[in-house]
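Thanks for sharing this one. Here are a few notes on how the parts of the chain meet, set out point by point.

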Amino acid sequence: MTNTVPHMHQALGLAAQALFLSSPNPRVGCVLVAPDGRVVGQGFTQQAGGPHAEVMALRDAVARGEDVRGATAYVTLEPCSHQGRTGPCCDALIAAGVAKVVGALTDPNPQVAGQGFARLRAAGVDVVVGPGADESRELNIGFFSRMLRGIPWVRMKAASSLDGATALHNGTSQWITSPEARADGHAWRARACTLLTGIGTVLEDDPRLNVRDVATPRQPRIAVVDSRLDMPLTARALQGPAECLIYTSSRDASKTSALQDLGATVIPMPNAHGKVDLCAMLRDLAARGTNELHVEAGFKLNGSLVREGLVDELLLYLAPKLLGTGGMGIASFGPLDALSEALALALHDVQRIGPDLRVVARVVDRASF
């Protein structure tokens with residue numbers, strides 16, 4: 001019998017090719033293996049509204065002139081069973097005569113949630129679930145977060161010196177880290193559905209908030225927390241191709257109209273203190289299809305997200321330099337009275353990127369959904 005692990009690894013590699021592409025759909029890969037062990041088709045999920053991995057693999061088999069009857073499909077997520085912008089993938093596999101499906105794990109989407117596997121079994125297809133489950137879930141952690149928690153996976157990115165300064169006392173921050181680290185940061189931007197910042201960053205830096213240093217087929221949506229609706233009409237964030245959402249507590253109809261005339265979407269979402277309700281904002285972003293929320297903001301908004309317990313993961317680039325006293329920190333919260341009150345993190349990945357260090361650390365217990 002064909003070993004399931006290598007083919008699932010191949011399917012996971014294909015799924016990774018959808019990293020910048022498939023949002024808000026999950027990143028899925030599929031490999032079709034004939035009874036004699038030959039790979040006869042493979043594919044990964046395309047842009048939203050386009051074909052899913054299973055259909056791409058079936059099309060690849062047709063292009064190769066291969067017969068998939070009796071084949072085994074290795075899929076990194078349960079084949080869908082519902083009619084969306086594309087038809088059910090489980091039905092496509094059944095119609096093609098696939099004899100066995102090896103799926104990494106069950107789709108958390110309530111519209112699927114085991115129904116795809118059930119339909120395959122009802123049609124006489126042998127179904128095995130489990131190989132590659134951890135890898136597939138990790139690749140789609142934002143999708144799982146949106147489906148199971150109703151909020152995106154919140155990743156906070158920052159670049160700092162080894163003593164934790166993100167800028168000098170006068171605000172100078174370009175550039176603490178190396179070109180290699182900046183390019184790597186853009187790759188993390190590219191995989192996100194939405195890039196979040198605060199109005200302070202917009203006013204101070206006027207960033208474009210797009211992906212430039214890596215090739216990508218899509219730009220992430222932009223979201224700005226702007227309580228008083230101070231967004232300049234000339235801001236570069238409003239001039240790119242990506243949708244711009246502005247979350248505010250202001251009811252300024254004139255400014256709202258002017259921003260919307262420029263293509264922005266203004267969303268009043270006040271909390272009881274006249275600020276933006278950040279929890280409600282996350283739920284709204286999830287409802288708009290945000291799986292991964294990439295935060296590149298100043299220490300004030302970062303601190304608010306930390307204080308409210310809304311951060312899942314930190315993406316930190318540490319430059320081998322010290323900036324001394326007076327520098328700005330990553331997040332403004334506290335002061336704490338005891339070490340036990342510290343935000344507990346678990347190191348998830350540590351790598352050297354050029355001369356800098358990239359640390360991915362997760363907030364303890366946030367990934368237990």
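How much area is buried between domain 1 and domain 2, and what percentage of it do carbon and sulfur atoms give?

1. The buried area between domain 1 and domain 2 comes to about 1,200 Å². Carbon and sulfur atoms give 52% of that area. Please keep in mind as you read on that this is a predicted model.

2. For orientation, domain 1 covers residues 3–143, and domain 2 covers residues 152–363. Their C-alpha centres are 34 Å apart. On the domain 1 side, 13 residues take part in the contact, while domain 2 brings 15 residues to it.

3. Now to the charged pairs. Between domain 1 and domain 2 there are 2 salt bridges. You may like to look at E138 and R362, whose side chains form a salt bridge with an N to O distance of 2.4 Å.

4. Polar contacts are worth a look too: 5 residue pairs are in polar contact across the interface of domain 1 and domain 2, counting pairs with both residues at pLDDT 80 or more.

5. Which helices build the side of domain 1 that touches domain 2? Both α5 (133–139) and α6 (141–149) supply at least two residues each. The helix α6 gives the most to that side, with 3 residues.

6. Sorted by class, the side of domain 1 that touches domain 2 holds 7 nonpolar, 4 polar and 2 charged residues.

Conventions: Residues numbered from 1 in each chain as written. Predicted model: local features only at pLDDT ≥ 70, side-chain atom pairs only at ≥ 80, totals over all residues. Heavy atoms only, no water. Domains from an automatic or database assignment. Contact = heavy atoms within 4.5 Å. Buried area = accessible area lost by both parts, 1.4 Å probe. Salt bridge = Lys/Arg side-chain N within 4 Å of Asp/Glu carboxyl O. Polar contact = N/O pair within 3.5 Å; in protein donor to acceptor, adjacent residues only side chain to side chain. Helix = DSSP H or I, 4+ residues; strand = E, 2+ residues; numbered from the N terminus. Nonpolar A, V, L, I, M, F, W, Y, C, P; charged D, E, K, R; others polar.
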